[in-house]
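Here are a few exercises to work through with the structure on your screen. Try each one yourself before you read the steps.

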Amino acid sequence: MNNNVYKKICLSVAGICCMTAFNSHAANWLMLQGTEPESAADRVKVWGFIQAQYQHNNSESNSSGGYIPPKLIGPNLTNQDQFNVNRARIGVRGTGFPLDGKVNYFLLTEFGNNGITAVDGGTAHVTDASITLNQIPGARIRIGLFKTPGAEEGLQAIHVFDYINFTAVTNQMLLERFPNPGYSSNIAPITLPTTTPLSGFDKPVGAFRDVGIQVFDTFKQPGWEHSYAVMIGNGNGLNFGDNDDNKDLYLYWSSEAVEGGKGGRREGLKMFAWTQQGTRVLDNTNDSVANPVEFNRDRSGLGVKWLSKPFRITAEYMVGKGMIFVGPDKPSFYINDAAGAVAAGVGDGANGEANGYYLEGGYYIPNTKWEIDLRYDVYNRLSDDKAFPGGANAGKSFEMEFKNLTLGAQYHINKKTRINMEITDASAEAVDWAGGAGPNDNLDGVDQVYAVQVTHIF
Amino acid sequence: MKMTQLLFLVALSLIANFANAASDAKPFAEKYVVLQISDDDPFKQTLVLNVANNLIKHYGQDKVDVEIVAFGPGLRLMFKDNASKGRISGLVDNGVRFAACGNTISAMTKALGHPPEMNPSATVVPGGIVRIVDLVAEGYTLVKP
């Protein structure tokens, strides 16, 4: 046989085996991200992915020509139309001492332009750095920086996420923005063109990650798989250290009726529930004195995901209490005062509540490389907000409702490369206010977002 | 003894050994293959198991004699909790033999501080490379995927 032909055949076989090995790590996100196949892992497996995208936001300005974040393209929030390399991650994983397959590691670094890297002007940021000890049956231990056990949208591997943008509830309620050390005043809506960043944060977003220790494992029964995770973390996201003495507690459970397949797109019916409880320190007093106060931050959710090709359906409901990010109304009025509202007990994100849900489905068109996706999501922010007791705004709260309907399509060029296209029809309103009045002056113009993204995994 | 007689006796001895090995393993086998796994690349682990499976599928369980010999870093394939232990068990059920290098086990025992836990389906042989040489001498075809 010709040497070149032989080499190509060998490489092809090795490639198929590579994919098989990649997909056979385990069967759920806890195991896929936290463990390696025993006695069959690389000492150093280099891997990563690149996501390059184009987005156009069709939203209109407020009555003064100003724009707020939902009307702009993140993370820079300086325009409505841009190309971006939003994720460029490279990392290594494996088992450093191959003779002991019960110890493995995971290291990943972000070089793209997103909420992780853009806020502090950095060009790279470690997103994952963890070691897993698998010696105790039923109680694997993972320690370091890694994804916290929680909502499906946050816990799943982002490079196989079926959409380009997160749902409103995930983006606003779960993707944590950490308060600045001191009081930060509001940033008014900007007019375009601008070079002034709208983000007032000086730390990366939480990226659904924390530094801590997690005990977890998966138990298999015929046709079923049950997983749990208990984690204690700093509650400080990607920041390696802790900024207070409080620790976050994360609990997670999933049970899945396994139909077949392997890896991230394994087929089956998965039911899951999770909760996170923590405390944050926030200075929300508009003065020059450092007077931080502790606020609880609790999040919980439950959901179900069913994948049986060519169909996929996911639904998840989530609630949050405390440290509710309220930025998109007034850009950096995230958890702080706005025009004396907090003094009146109105618009109180620090103590507020929120809830939201999404329902999405996919259809893999048989015998083609195409997949159609449809998602509807609702986020009810400050759902228990107090109303102004008197004055011109009497009876009005800052409760807001965000609704998005997203139609998407995916074209799978190969198993590692795909194109996502999606159109999101977005709307937002402050429910107690008339159109054009109060917060709705900013929210009324929220409109469609068009996005195209190419993902390549290596 | 004449040279021709000597050659005849040597040939007779080889055939006897070969027949002995073959009859011990699979009496109706027509093909004899030894597969080598000696590096720690997990893809190679999958590949060598795929090759064994493909041989069984193509020739039939009784018509091909397959032995996988692991030595050096490749011995991880035959660790007790290897992720492919299910596949190994399936191949054993189809008559595939697994031979683990004793020399490698000794070296790994020093590195680990204790002997590695081996798959009970693996037979420990004094030396993996010696086993391969012996099998090749008996007429087995060596394949290193």
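**Exercise 1.** Find the bridge partner of Gln53(A) in β16(A).

Step 1. The partner to look for is Gln453(A), in β16(A). This is a predicted model, where local features need pLDDT of at least 70, side-chain atom pairs count only at pLDDT 80 or more, and totals for chains, interfaces and linings use all residues. Residues are numbered from 1 along each chain as its sequence is written, and chains are lettered from A and ligands numbered from 1 in the order in which they are written.

Step 2. Now zoom out to the strands. Strand β1 (residues 45-57) of chain A and strand β16 (residues 449-457) of chain A run antiparallel and are joined by nine bridges. Helices (H or I, at least four residues) and strands (E, at least two) are DSSP runs, numbered from the N terminus; two strands pair if DSSP finds at least two bridges between them.

Step 3. Look for another partner of β16(A). Strand β15 (residues 417-430) of chain A pairs with β16(A) over eight bridges, again antiparallel. Here Ile419(A) has Val454(A) as its bridge partner.

Step 4. Put this in the context of the chain: chain A has five helices and 16 strands.

**Exercise 2.** Decide whether Asn134(A) is buried or exposed.

Step 1. Locate Asn134(A) in the loop between β4 (125-133) and β5 (140-147) of chain A.

Step 2. Count the surroundings. Asn134(A) is buried because 21 other C-beta atoms lie within 10 Å. The cut-offs are 20 or more other C-beta atoms within 10 Å for buried, 12 or fewer for exposed, and partly exposed in between, with C-beta atoms placed from the backbone.

Step 3. List what Asn134(A) touches. Leaving out residues up to four places away in sequence, these are Thr35(A), Lys102(A) and Arg140(A). A contact means that the C-beta atoms, placed from the backbone, lie within 7 Å.

Step 4. Check Asp217(A) too: it is 83 residues from Asn134(A) in sequence, yet the C-alpha atoms are 9.1 Å apart.

Step 5. Of the 458 residues in chain A, 44% are buried.

**Exercise 3.** Work out the strand order of the open sheet in chain B.

Step 1. Read along the chain from the N terminus: the elements go α-β-α-β-α-β-α-β-α-β.

Step 2. Put the five strands in sheet order, and you get β4-β3-β2-β1-β5 with parallel pairing. At the edges sit β4 (122-125) and β5 (141-143) of chain B, each pairing on one side only.

Step 3. Take one pair. Strands β2 (residues 64-70) and β3 (residues 97-101) of chain B share four bridges in the parallel sense, and Val69(B) stands opposite Ala99(B).

Step 4. Add a helix. Helix α4 (residues 102-112) of chain B packs on the sheet and touches β3 and β4 of chain B, its direction making about 50° with that of β3(B). Axes are lines fitted to C-alpha atoms, for helices over the stretch in contact, and angles run from 0 to 180 degrees between N-to-C directions.

**Exercise 4.** Which element gives the most to the side of chain B that touches chain A?

Step 1. Start with the totals: 18 residues from chain B and 17 residues from chain A take part in the contact.

Step 2. On the chain B side, α2 (42-59) and α4 of chain B are the elements that give two or more residues. The winner is α2(B), with six residues.

Note on methods. Contact = placed C-beta atoms within 7 Å.
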